[in-house]
Structures are given as structure tokens and as C-alpha cells.
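Please read the following walk through the structure with the model open beside the text. The order runs from one strand pairing outward to the rest of the chain.

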Amino acid sequence: MTIQRDGREMEIECDSCPNTTESYDKNDFSTMVAVAKEDGWEIRPDPGAQGGYSHKCPACIGGSRVERATRMFR
């Protein structure tokens, strides 16, 4: 899991490739996560990951929308 922060803005970086979300103001964390999920990012709890979550962009997830939706609710 990588949340890139530069003091004013932040973005999510995929754990599998260099893709990132758009940048958001440091106070818009929940908006950033909500928009990333709407855009097809997979954000899941992962005790072994830095920060406790793993992030994958839509390109790295692959599969159909139904397969991605099914994975979200496992």
C-alpha cells in the first residue's frame, strides 16, 4: 500500500505497477478512497502490507466488472 503525500496533496499508488490516482488535497482522504473505488481500484485490508492495506489499479486487477465486484465483497 502506498499513499504518496507531499505535505499538501496525496495520491494512491498501485502496489503492482507505477499507476496512481489523481492527486487530492491532504484533507480529502475519504473522497480520494471513494473515487478510487468508483474508478475500479481494489483497496483491501492486508495486515502484511505497509499501512495495513493493499491497493491495485484497474489495469492490474483485470477481469470483468462482475469479477471485480465479486472480489470486493469477499
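E9 has its bridge partner in β3, and that partner is D25. The model is a predicted one. Strand β3 covers residues 24–25, and two bridges connect it to β2, the two strands running antiparallel. Within β2, the side chains alternate between two faces. M10 and I12 point to one face and are buried, whereas E9, E11 and E13 point to the other face and are not buried.

Where do M10 and I12 go? Both belong to the largest nonpolar core, which has 11 residues in all. The other members are C14, C17, Y24, M32, V33, A36, W41, I43 and C57. At least two residues of this core come from β2, and at least two from α1. The biggest contribution is that of α1, with three residues. In soluble globular proteins, nonpolar side chains tend to be buried together.

One core member, C14, can be followed through its contacts. Apart from its neighbours within four places in sequence, C14 is in contact with N19, W41, H55, K56, C57 and C60. Two of these, W41 and C57, are also listed in the core.

Helix α1 spans residues 29–38. Its buried residues are M32, V33 and A36. Viewed down the helix axis, the buried residues of α1 fall within an arc of 95°, so they line one face of the helix. An α-helix has 3.6 residues a turn, so residues three or four places apart point the same way. On the other side of α1, S30 and E38 are exposed.

The chain then leaves the helix. D39 sits in the loop between α1 and β4, the latter being residues 42–45. Is D39 buried or exposed? D39 has a relative accessible area of 52% and is exposed. Although D39 and T21 are 18 residues apart in sequence, their C-alpha atoms are 9.1 Å apart in space. G40, just after α1, takes a positive phi of about 100°.

From G40, a C-alpha to C-alpha distance of 8.9 Å leads to K56, 16 residues away in sequence. K56 lies in strand β5, residues 53–56. With a relative accessible area of 34%, K56 is partly exposed. Not counting residues up to four places away in sequence, K56 touches C14, S16, W41, E42 and I61. C14 and W41 in this list are core residues.

S54 is found in strand β5 as well. Which state does S54 have, buried or exposed? Its relative accessibility is 17%, so S54 counts as buried. S54 and I43 are 11 residues apart in sequence, and their C-alpha atoms are 5.7 Å apart. I43 is another member of the core described above.

The chain as a whole can now be set around these parts. It has three helices and five strands. Along the sequence they follow the pattern β-β-β-α-β-β-α-α. Of the 74 residues in the protein chain, 30% are buried. The accessible surface comes to about 5,000 Å², and carbon and sulfur atoms account for 46% of that surface. Among contacts between residues at least 6 apart in sequence, 31% join residues at least 24 apart.

Confidence is the last point. The average pLDDT of the protein chain is 84, and 78% of the residues score at least 70. Confidence is highest in α1, at a mean of 95, and lowest in strand β1, residues 2–5, at a mean of 60. Where pLDDT is low, the predicted coordinates should not be read in detail.

Terms used:
Residues numbered from 1 in each chain as written. Predicted model: local features only at pLDDT ≥ 70, side-chain atom pairs only at ≥ 80, totals over all residues. Heavy atoms only, no water. Helix = DSSP H or I, 4+ residues; strand = E, 2+ residues; numbered from the N terminus. Buried < 20%, exposed > 50% of the residue type's maximum accessible area, 1.4 Å probe, protein only. Contact = heavy atoms within 4.5 Å. Areas by Shrake-Rupley, 256 points an atom, 1.4 Å probe, with all protein chains shown as cover. pLDDT = per-residue confidence, 0-100. Core = buried A, V, L, I, M, F, W, Y, C linked by side-chain atoms within 4.5 Å. Arc of directions from axis to C-beta. Pairing = 2+ DSSP bridges.
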